[in-house]
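I opened this entry to record what I looked up in the structure shown below. The entries run from the interior to the overall form.

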Amino acid sequence: MGNRPKADYLWFDGEYLPWDAGMVHLQTHTLHYGLGIFEGIRAYEQSSGGTAVFRLDDHLRRFEGSARILEMNLPYDRQTLKQVTLELIRRNALPACYIRPLALLGAGAMGIYPRDNPVQVSIMTWPWGAYLGEEALTKGIRCKISSYTRHFPNSMLLKAKATGNYINSILAKREAVRLGYEEAIMLDINGCVAEGTGENLFILRDGKLITPPLSSVLQGITRDTIMKLAAAEGLEVYDRAFTRDELYLAEEAFLTGTAAEVTPIREVDDRVIGEGRPGPVTLRLQKRYFQVIRGERDEWKDWLEPVPTATDDDSFSVSGVESIPAN
């Protein structure tokens with residue numbers, strides 16, 4: 001099965017199930033037409049012990065927002081999904097993990113108009129290291145401006161983290177990797193820099209941190225984190241449009257995302273960025289980010305949601321959610 005992720009349990013439509021029992025019918029509407037939503041979240045082992053999920057409420061709020069944008073009525077509220085997530089991590093006994101909430105339009109009417117197809121919700125957790133590789137975090141990566149353009153905002157509703165939106169990203173990623181690069185960078189319809197295939201992008205110019213505006217990119221939670229951390233470090237931070245040649249002239253550049261965390265860029269289109277290695281501002285923000293997610297900065301502790309530890313009573317219940325005893 002190659003690099004297929006795996007854990008002991010997942011949660012699907014109100015039940016904790018063995019990992020391999022998480023299945024959907026072939027008539028599932030999302031499989032045919034791509035209308036679904038998801039989130040990417042991480043839990044980290046804390047320096048003081050235990051496990052905490054980073055910005056869980058913010059991710060689940062975006063999940064709800066994606067559902068609203070795409071007119072999917074989630075059958076579970078945010079508090080239920082939050083408790084389920086924490087319990088699932090506990091049941092899987094994962095000190096650190098990636099978390100994937102997913103909402104699908106289930107089996108029912110076929111054709112473009114889904115009518116009353118049920119919305120099915122699942123959550124998976126599994127161990128997942130550095131998305132672009134451990135070396136990417138320390139040495140930086142090589143990127144290629146993609147021949148694929150980022151979606152026009154009025155055609156794909158970019159503030160929804162929608163499953164179908166990522167076909168664009170898959171095509172761009174395949175192209176970049178095939179040409180020998182680690183990641184693709186897509187431009188928007190105006191020819192300005194948008195984002196990576198699953199990451200937001202920052203550049204440093206004249207000591208100022210710049211990131212593309214929200215009009216053309218997903219509202220990344222790691223993006224928001226870095227902007228807040230940078231401001232706290234005394235850096236000037238701007239979200240504004242910039243072109244690919246301004247990216248070439250950047251003193252530093254890096255990608256951000258739940259999966260990618262803070263990944264430096266050392267080359268774009270075979271042009272060296274800065275000194276060709278992670279710059280001091282990138283490394284400073286990367287260090288601060290890892291301190292925050294590991295619970296080493298008290299001023300940002302509100303972003304961390306502790307995972308409950310095992311108790312004598314290993315059952316867990318949420319209104320409307322079936323539970324099974326943990327092993």
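**Interior**

I looked first at the largest nonpolar core, which has 30 residues; W11, V53, M72, L81 and I99 touch the most other members. I took such a core as a set of buried Ala, Val, Leu, Ile, Met, Phe, Trp, Tyr and Cys residues joined through side-chain atoms within 4.5 Å. Buried means under 20% relative accessible area, exposed over 50% and partly exposed in between, with a 1.4 Å probe and protein chains only. Two or more residues each come from β1 (9-12), β4 (41-45), α2 (56-69), α3 (78-92), β6 (97-105) and β7 (119-126). The largest share, five residues, is given by α3.

I then listed the contacts (heavy atoms within 4.5 Å) of I99. Beyond its neighbours within four places in sequence, I99 meets, among others, V53, T85, I89 and I123. I also noted a second, separate core of 24 residues, including Y44, L285, F290 and W303.

**Basis of the model**

This is a predicted model: local features need pLDDT of at least 70 and side-chain atom pairs pLDDT 80 or more, whereas totals for chains, interfaces and linings use all residues. Residues are numbered from 1 along each chain as its sequence is written, and side-chain values use heavy atoms, without hydrogens and water.

**Whole chain**

I recorded nine helices and 17 strands in the protein chain; these are DSSP runs, helices (H or I) of at least four residues and strands (E) of at least two, numbered from the N terminus. Of the 327 residues, 53% count as buried.
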